[in-house]
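This report looks at a few parts of a structure, beginning with a sheet and ending with the contacts between chains. Keep the sequence and the 3D view at hand while reading.

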Amino acid sequence: MRYVQFMKHPLFSRFARISVIAGLALGGVGLLLFTLGISPVDIGVTLARGSILSLQKFGHVLTIWIPLLLCSCGLLFTFRAGLWNIGIEGQVVFGAIAATLLLREENLGLPAAATLILAHILSFIGGGLWAAFAGFLKNRGGVNEIFGGLGLNFVAQGLILWLILGPWKRAGVASMSGTEMFARELWLSTPPGWRLAPAALVIACIAFAATAVLLGATRFGLQIRATGINPTAARLFGIHPGRTGLLAMAIGGGLAGLAGGLQVSCVYHRLLPSISSGYGYLALLVVMLAHYRLRPVPAICLFFACLAAGSIQLPIVLKLDSSLAGVIQGACVVSALLVHGLQKRQRGEL
Amino acid sequence: MDPATFLAALVAMAAPLVLAALGETLTEKAGVVNLSLDGTILLGAMTGFVVASVTQSLLLGFLAAGLTGCLVAALVAVIGVWLGQSQVAVGFALTFLCRDLAYFLGNPYARQQGPQLATLPVPLLADLPFFGTVFFTHSFIVYLSFLATPCCIYFLYHTRHGLTLRAAGENPEGCWARGIDPNTVRFLATLAGGAMAGLAGAAFSLAVKPGWGHPQGCEGIGWIALALVIFGSWHPLRVAAGAYFFGLLQLLGIAFQDSFPGIPGQIFQVAPFPLMIFTLILIHLSRNTKNRYFAGFVRLFGSPPPRGLGRPYRRP
Amino acid sequence: MIELANISKNFGKVQALQGVSLSAEAGSIHGIVGENGAGKSTLMKILTGFTSRSGGEILCRGKKISLDRPSDAMRFGIGMLYQEPLDFPQLSVLENFMAGEAAFAPGQARADLARLAAAFGFVFHPDNRVETLTVGERQQLELLRLIHGGARLLILDEPTTGISERQQEQLFAALRRLKADGAAILLVSHKLEEIDSLCDTVTVLRHGRVAAAMRCPFDRQALLQAMFDSLPERLSPPQTATGKEPVVEFDRVVVTVGRAGLHEATITVRTGEVVGLAGMDGSGQAVFLKIAGGFLPPESGQIRRFGRTLPNGCGCSRDVAFLPADRLAEGLLPGMTLREHHILAARGHIFLSAATGLAGSRRAIDDFNIKGHPETTAEELSGGNQQRLLLSLIPDEVRLILMENPTRGLDVQSADWTWQQLHRRKAEDGAIIFASPDLEEIMAQATRVVVFYDGRIILDTPTAATDYHEISRAITGEAGTTGPSDEVGRSGLLPD
């Protein structure tokens with residue numbers, strides 16, 4: 001009896017669920033590797049060496065962690081409002097474009113610091129507007145946010161290509177390798193020996209804290225949640241579901257745009273066609289694995305960032321494709337969905 | 001380029017897209033969104049190429065690709081239909097899982113010579129002027145894509161199972177009341193759609209863009225197929241027409257590259273998506289308008305989605 | 001043909017049916033009547049295999065059968081016409097006619113449809129989409145489909161709600177004809193006129209039990225008495241302190257939402273009134289409340305609240321509170337705690353901590369006697385406690401309270417207590433409008449009774465000037481004031 005009681009404790013059940021999900025995903029991938037004649041242990045060691053076992057590599061992990069965390073925070077807003085913001089990828093791209101708009105101007109007549117601050121504000125606004133457009137299409141045009149967002153992703157991708165190959169091309173040559181580098185003083189400053197700008201790390205942490213406060217400790221957060229849970233009932237509380245959803249989209253898109261702006265200002269220092277590096281989509285996987293909760297997000301972001309950074313070593317050390325990281329990430333999310341579904345069935349909700 | 005060669009290239013290029021988009025049409029008509037299409041196609045392309053390379057049998061390659069598509073679709077159906085989780089979530093996660101799995105598993109076979117589907121000119125018909133070149137000098141998978149549209153239409157609108165499938169997508173409760181289990185229908189429709197997407201992948205790696213690599217060259221096709229299903233508003237004929245239209249845009253993009261260097265060819269890749277959004281807006285407006293002419297006009301080109309699309313069915 | 005013996009059904013602790021027995025003979029029409037929630041629908045769903053039964057037996061031609069799923073029922077020739085037709089709106093008439101049949105023969109089906117339609121005097125264009133049809137036409141189509149599928153026992157659930165007079169006549173003619181052909185028919189209805197003119201036998205259900213079984217000709221008085229709980233003629237008469245100022249004014253408001261919609265409703269509710277809306281489920285009360293609350297814009301007509309016309313007829317404001325019937329699905333936020341509900345309902349509180357609103361929530365829980373604590377989530381509460389929570393969420397400045405089934409799921413004491421609270425809450429310059437399936441409640445609490453029948457206001461009178469019998473007659477459509485139905489087929493398919 002004691003034993004059963006113990007198993008019913010919420011802490012235990014949560015821990016049990018996490019281990020079942022992880023076991024299922026990692027076991028599955030391990031089995032696959034084993035049948036291919038690859039030692040999962042080698043893989044594990046290589047991934048760890050490439051991510052957390054050296055300070056320099058860990059800096060690289062953090063450069064991935066920052067945009068991933070920003071995008072995940074944005075998605076928490078939209079998921080709380082019951083919206084599936086698949087358009088986040090385009091919002092990252094749009095934020096990057098908005099920041100570049102300012103950073104590539106040479107004679108703005110503003111001090112560099114002011115330009116940088118303005119550029120990041122502009123990237124927030126850019127991403128927010130792009131997301132709000134998807135929300136507007138949903139509210140007024142009856143376009144589901146999934147299909148609308150997906151479409152706008154590709155439109156943003158087309159736009160960035162056009163900009164890089166057209167109006168913003170490097171002097172003389174149009175090349176997929178991106179625009180001209182920005183002036184040196186417009187790079188977000190990185191101390192010698194660092195891989196990342198401390199300012200970016202601070203921005204990401206502030207954004208996470210702000211998300212936690214806004215969603216968890218304000219009336220606005222409650223209103224977003226109410227909209228997502230039950231729009232009909234939300235109206236009885238004087239909440240306007242359409243407007244609240246639009247606002248959630250705008251904030252979520254803004255955070256994604258900020259991620260794009262940081263990619264431009266502190267990682268690449270120019271606009272690239274693949275500026276988003278798929279972090280928007282990856283963030284969707286993060287939030288799904290976190291089961292749309294706030295607390296596990298930083299840890300999962302870190303785990304995913306470690307996988308992404310460590311996998312770069314795979315081709316060098318083991319002659320394997322680096323996409324194994326994506327396999328592990330995807331397997332985690334699919335097994336999480338499977339486990340949640342089975343639990344739902346067990347509870348008799350199906 | 002003379003018109004006949006141009007059109008022949010067009011139908012050959014659009015063949016995998018037609019297959020994938022029609023497969024997704026079947027799935028969505030039954031009320032399930034299989035968002036994993038992009039990953040399924042890549043995984044199918046990889047499996048098809050590897051199996052065909054290893055066994056030196058193109059047939060086995062295509063079969064393996066179809067089976068792979070089925071397996072992925074089965075995961076979508078089990079989690080999204082029977083376990084009642086969000087179909088969008090599981091489809092999305094599988095898109096990335098399949099894509100990366102394809103790159104990882106296919107890595108040892110990248111940039112290798114492999115078997116390639118030969119063209120099979122149809123005797124007699126291939127000698128027809130113009131039409132012979134356009135329609136009858138292709139590989140078997142292109143002929144399959146020609147057949148897929150009429151077969152799909154026949155199945156959906158002229159057979160009992162097609163009617164049952166549409167009914168399950170329209171109103172699962174009504175289906176249940178008529179003694180049909182909508183979830184079984186949905187499961188099977190998802191499998192069929194997945195198999196077609198897998199075949200489409202093999203059509204890329206074994207015929208249209210032969211070979212395997214990272215990138216393969218068919219990335220993004222799945223998303224386009226998804227957009228085309230909406231653009232064609234869930235009717236096989238319009239969906240197939242959309243696929244050929246997209247092929248045309250791509251070819252024109254290549255053709256105009258020289259004359260208009262200012263417009264990058266990739267812009268044409270993006271064209272289906274604004275069109276898809278525009279279609280959805282038109283359909284939405286036509287349903288809320290009092291203007292009968294406008295509504296009737298839109299009806300010609302588009303119809304609303306199946307009513308049960310994406311909504312899981314729970315037995316009362 | 002079909003015999004039900006001792007059928008019982010419970011949903012959790014709720015006993016929906018208890019030892020119900022009835023039999024449907026071939027070549028006869030059997031009526032099933034009863035109040036809302038008497039168990040009619042549950043009984044029919046058991047017969048069609050949609051729901052499983054908890055106990056009892058079903059006999060078909062003397063043999064025990066099991067009905068686990070609708071396909072079983074179809075095999076035994078049982079077919080049902082649901083109140084909300086379970087058809088496929090975007091598919092064509094012909095496809096709807098064929099869906100679910102074992103054979104696929106469009107040509108044959110087209111001919112069969114034409115033959116059957118002609119036999120019953122229905123007109124269909126086989127290639128039109130079903131969504132262009134009226135409810136009556138969709139019903140006719142379902143009827144033909146069931147007959148074509150070989151149904152020998154037809155179950156009809158409130159078939160005449162929301163259909164035109166002419167369609168009703170056609171339906172009755174069809175039913176009589178089917179009866180002559182030897183089919184068994186179960187007619188679920190609350191319209192005594194229909195029961196009178198069609199049925200050979202009738203079973204009255206009340207609170208999940210058989211209250212009476214009668215043969216034609218029926219004694220109406222006895223039927224009514226069996227249907228509704230007998231009541232003392234007058235309960236404590238509520239004081240009528242009707243003020244002058246109008247709170248809500250409806251001016252020829254029309255909507256076509258739901259089965260019956262709302263048909264040219266004109267009514268003025270003044271300050272101080274407590275208006276009870278009576279009628280069978282779906283006769284228009286729910287739609288009326290939604291419009292009054294500003295949650296549904298009218299298609300034509302005007303609404304004024306507190307003397308102001310609502311912009312586009314829609315818009316919620318803080319001086320109106322609405323308590324829906326389906327509390328968890330429409331009124332509360334499952335997954336959110338009581339404290340969070342109270343924070344949302346109150347003003348202020350921009351930033352929240354774990355202690356925000358705790359005191360207020362505790363007070364409300366005490367005041368309204370909710371069995372829970374501030375961190376209980378809404379879905380963990382029982383139905384009665386959910387209702388108390390909804391009551392505790394009504395802001396102080398509210399002048400108009402709209403309610404559906406205010407005391408459903410409450411025991412007598414809590415119901416009394418709820419009403420005390422409501423009367424206390426009702427401001428001098430405010431009003432309460434509530435819909436209830438419970439006539440006793442309406443008679444006891446309302447100062448004015450409005451009865452809905454088929455989307456129309458059929459009776460509107462001060463409670464003091466009416467009695468229990470007049471209201472129950474009005475509910476069953478016997479006020480004698482029903483105007484001629486002027487709904488016509490939207491698609492223009494029906495000949496005049």
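In this predicted model, chain C holds an open sheet of four strands in the order E12-E11-E14-E15, with antiparallel pairing. At its edges are strand E12 (262-270) and strand E15 (308-309) of chain C, each of which pairs on one side only. Strands of a sheet pair through backbone hydrogen bonds, either parallel or antiparallel. In this sheet, strand E11 (residues 246-255) of chain C pairs with E12(C) in the antiparallel sense over six bridges. One residue pair to look for is C:Glu249, whose bridge partner in E12(C) is C:Thr268.

A helix also belongs to this picture. Helix H9 (residues 285-293) of chain C packs on the sheet and touches E11, E12 and strand E14 (300-305) of chain C. The direction of H9(C) makes about 120° with that of E11(C). Between H9 and E14 of chain C runs a loop, and C:Gly294 lies in it. Is C:Gly294 buried or exposed? C:Gly294 has 21 other C-beta atoms within 10 Å; the cut-off for a buried residue is 20 or more, so C:Gly294 counts as buried. C:Gly294 and C:Arg305 are 11 residues apart along the chain, and their C-alpha atoms are separated by 9.4 Å.

How far can the model be trusted? The model scores ipTM 0.90 and pTM 0.88. Chain C averages a pLDDT of 83, and 91% of the residues score at least 70. Among the elements of chain C, helix H3 (residues 93-98) has the highest mean pLDDT, 93, and helix H14 (residues 412-425) the lowest, 79. Over residues 481-496 of chain C, pLDDT stays under 50. For that stretch the model has 22 contacts beyond four places in sequence. Where pLDDT is low, the predicted coordinates should not be read in detail.

Chain A offers a helix to examine. Helix H13 (residues 297-310) of chain A has 14 residues and reaches 19 Å from its first C-alpha to its last. That span is close to the 20 Å expected at 1.5 Å a residue. Of the 14 residues of H13(A), 10 are buried, so the helix is largely enclosed by the rest of the structure. The buried residues include A:Val297, A:Ile300, A:Cys301 and A:Phe304. An α-helix has 3.6 residues a turn, so residues three or four places apart point the same way. The buried residues of H13(A) also include A:Ala308, A:Ala309 and A:Gly310. Among the elements that cover the buried residues of H13(A) are helix H4 (55-80), helix H12 (279-289) and helix H15 (324-346) of chain A.

Chain A is touched by both chain B and chain C. The contact with chain B takes 36 residues from chain B and 40 residues from chain A. The contact with chain C takes 20 residues from chain C and 14 residues from chain A. H4(B) gives the most to the side of chain B that touches chain A. On the side of chain C that touches chain A, H11(C) gives the most. The table sets out the two sides by class.

| Side touching chain A | Element giving the most | Nonpolar | Polar | Charged |
|---|---|---|---|---|
| Chain B | H4(B), 13 residues | 26 residues | seven residues | three residues |
| Chain C | H11(C), four residues | 13 residues | four residues | three residues |

Conventions: Residues numbered from 1 in each chain as written. Chains lettered and ligands numbered in written order. Predicted model: local features only at pLDDT ≥ 70, side-chain atom pairs only at ≥ 80, totals over all residues. Pairing = 2+ DSSP bridges. Helix = DSSP H or I, 4+ residues; strand = E, 2+ residues; numbered from the N terminus. Contact = placed C-beta atoms within 7 Å. Axes fitted to C-alpha atoms, helices over the stretch in contact; angles between N-to-C directions. pLDDT = per-residue confidence, 0-100. Expected span 1.5 Å × (residues − 1). Buried ≥ 20, exposed ≤ 12 C-beta atoms within 10 Å, placed from the backbone. Nonpolar A, V, L, I, M, F, W, Y, C, P; charged D, E, K, R; others polar.
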